[in-house]
Amino acid sequence: MKNTIATLKEQKKNGVKISMLTAYDYSTAKLMDEAGINSILIGDSLGMTILGYEDTLSVTMEDMIHHTAAVARGAKNAFIVADMPFMSYQTSVYDAVVNAGRLMKEGRANAVKLEGGESVCPQIKAITEASIPVVAHLGMTPQSVNMFGGFKLQGKDEAAALKLIKDALAVEKAGASMVTLECVPAKLAEYITKRLSVPTIGIGAGAGCDGQVLVYQDMLGMFPDFTPKFAKKFADVGADMKAAFAAYISEMQSGAFPDKAHSFRTEDTTDYEKLAEKLQEIDNI
Ligand code: KIV
């Protein structure tokens, strides 16, 4: 069954946790979809995990559309959320609506995600009024890394906690269909979740959110550059991949691969020396 804003809201109502993971390509999205994931986020984290940048700031609309379209082709039932990259919505309400529209039309997303609270409410309102569901992202918002001075826990003191609560209420009022809470104290995230009628999706925000999201390379042990505290490793696929790559190199060099089972027409009786003589005959005509 296709997950929609309505089914995800129903999950919140019934206390059924919403599962979300990032994906950036067709085959990973297909595996997640078959595993029964509720939602897939094409995060601008692809700047780091796929493209090797040090942060998300260099990610373009073209990058996001390219990867969103690949995921959308692979995932039939998951609710597809595409990140709006840095400077695709901050510049103006007009830019925000145009770029959100591109992620829907060209990327085939079901919703867009953008970072910020009260300051981006005009964008959230306009995008929603264009019939595009919006996921708001609060707390540690990676596109503001230079303002924060690093990837840090947010909402730590009273003033910061109040600002976060105010932002959450504001984005809901502006029309956000879901709210992502990243690196927020667990009790504060739980409180915000109770105050909102739309689902919250936590990442480093404790168990009190309506759902959880993780970057898939983090949860599979595939991204050794940086592992945040909240990123539990559910498998060590990185180690399995390295072992498989090494086995391939070794078997290929020893001649063990390719064997008969992985070659074509191994019983072939053709004498290719003789056959090649025909080439000369042809040349002499
Ligand atoms: O870009 C991303 O992957 C995200 C998640 C960390 C929520 O925004």
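# Worked exercises on a predicted model

Let's warm up with Glu34: at 60% relative accessibility, this residue counts as exposed. Keep in mind throughout that the model is predicted.

## Exercise 1: Place Glu34

Task: Find the element that holds Glu34, and work out how far Glu34 is from Gly74 in sequence and in space.

Solution.
- Step 1. Look up the element: Glu34 belongs to helix H2, which covers residues 26-35.
- Step 2. Check the surface. The cut-off for exposed is over 50%, so Glu34 with its 60% counts as exposed.
- Step 3. Go from C-alpha to C-alpha: Gly74 is 9.7 Å away in space, with the two positions 40 residues apart in sequence terms.

## Exercise 2: Follow Lys12 across the fold

Task: Decide whether Lys12 is buried or exposed, then list what Lys12 touches beyond its sequence neighbours.

Solution.
- Step 1. Lys12 sits in helix H1, residues 5-14.
- Step 2. Buried means under 20% relative accessible area. Lys12 comes in at 16%, so this lysine counts as buried.
- Step 3. Skip residues up to four places away in sequence, and the contacts of Lys12 are Thr193, Leu196, Ser197, Val198, Pro199 and Asp210.
- Step 4. Pick Val198 from that list. Lys12 and Val198 are 186 residues apart in sequence, yet their C-alpha atoms are 7.7 Å apart.
- Step 5. Now go to the atoms: the Lys12 side chain reaches the backbone oxygen of Val198 at 3.2 Å.

## Exercise 3: Thr200 and its partner

Task: Which side chain makes a polar contact of 2.7 Å with the side chain of Thr200?

Solution.
- Step 1. Find Thr200 in strand S7, residues 200-203.
- Step 2. Thr200 has 0% relative accessibility, so it counts as buried.
- Step 3. Leave out neighbours within four places in sequence, and Thr200 is in contact with Val179, Leu181, Thr193, Cys209, Asp210 and Gly211.
- Step 4. The partner is Thr193, whose side chain is joined to that of Thr200 by the 2.7 Å polar contact.

## Exercise 4: Walk around the ligand

Task: Name the residues around the ligand, and say how much of the ligand's area the protein buries.

Solution.
- Step 1. Collect the surroundings: Thr22, Leu41, Gly43, Asp44, Ser45, Asp83, Lys113, His137, Glu182, Ile203, Val213 and Val215.
- Step 2. Look at polar side-chain atoms facing ligand oxygens. Ser45 has one at 2.5 Å from a ligand oxygen, Lys113 has one at 2.8 Å, and Asp83 has one at 3.1 Å.
- Step 3. Turn to area: on its own the ligand exposes 260 Å², and the protein buries 95% of that.
- Step 4. Take a side trip to Thr56, which touches Asp44 and Ser45 as well as Met48, Pro142 and Gln143, not counting residues up to four places away in sequence. Thr56 is in the loop between helix H3 (46-49) and helix H4 (61-74). With a relative accessible area of 2%, Thr56 is buried.

## Exercise 5: Sort out the cores and domains

Task: Which members of the largest nonpolar core touch the most other members, and where are the domain bounds?

Solution.
- Step 1. The largest nonpolar core has 57 residues, and the members touching the most others are Ile40, Val112, Ile124, Ile127 and Leu181.
- Step 2. Helix H8 (residues 158-174) gives the most to this core, seven residues.
- Step 3. There's a second, separate core of 13 residues, including Ile5, Val81, Ala111 and Val135.
- Step 4. Zoom in on Ile124. Beyond four places in sequence, Ile124 contacts Leu114, Val134, Ala136, Val171, Ala174, Gly175 and Ala176.
- Step 5. For the domains, domain 1 runs 5-214 and domain 2 runs 240-283. Their centres, taken over C-alpha atoms, are 49 Å apart.

## Exercise 6: Spot the backbone oddities

Task: Where is the cis peptide bond, and what is the phi of Cys183 and of Arg265?

Solution.
- Step 1. The bond from Phe257 to Pro258 is cis, with omega near 0°. Pro258 is in the loop between helix H11 (237-254) and helix H12 (272-284).
- Step 2. Arg265, in the loop between H11 and H12, has a positive phi near 50° without being a glycine. Arg265 counts as exposed at 66% relative accessibility.
- Step 3. Cys183 likewise has a positive phi near 50° in a non-glycine residue. Its place is the loop between strand S6 (178-182) and helix H9 (186-195), and at 13% relative accessible area Cys183 is buried.

Conventions:
Residues numbered from 1 in each chain as written. Predicted model: local features only at pLDDT ≥ 70, side-chain atom pairs only at ≥ 80, totals over all residues. Heavy atoms only, no water. Core = buried A, V, L, I, M, F, W, Y, C linked by side-chain atoms within 4.5 Å. Buried < 20%, exposed > 50% of the residue type's maximum accessible area, 1.4 Å probe, protein only. Helix = DSSP H or I, 4+ residues; strand = E, 2+ residues; numbered from the N terminus. Contact = heavy atoms within 4.5 Å. Domains from an automatic or database assignment. Near = heavy atom within 4 Å. Polar contact = N/O pair within 3.5 Å; in protein donor to acceptor, adjacent residues only side chain to side chain. Areas by Shrake-Rupley, 256 points an atom, 1.4 Å probe, with all protein chains shown as cover.
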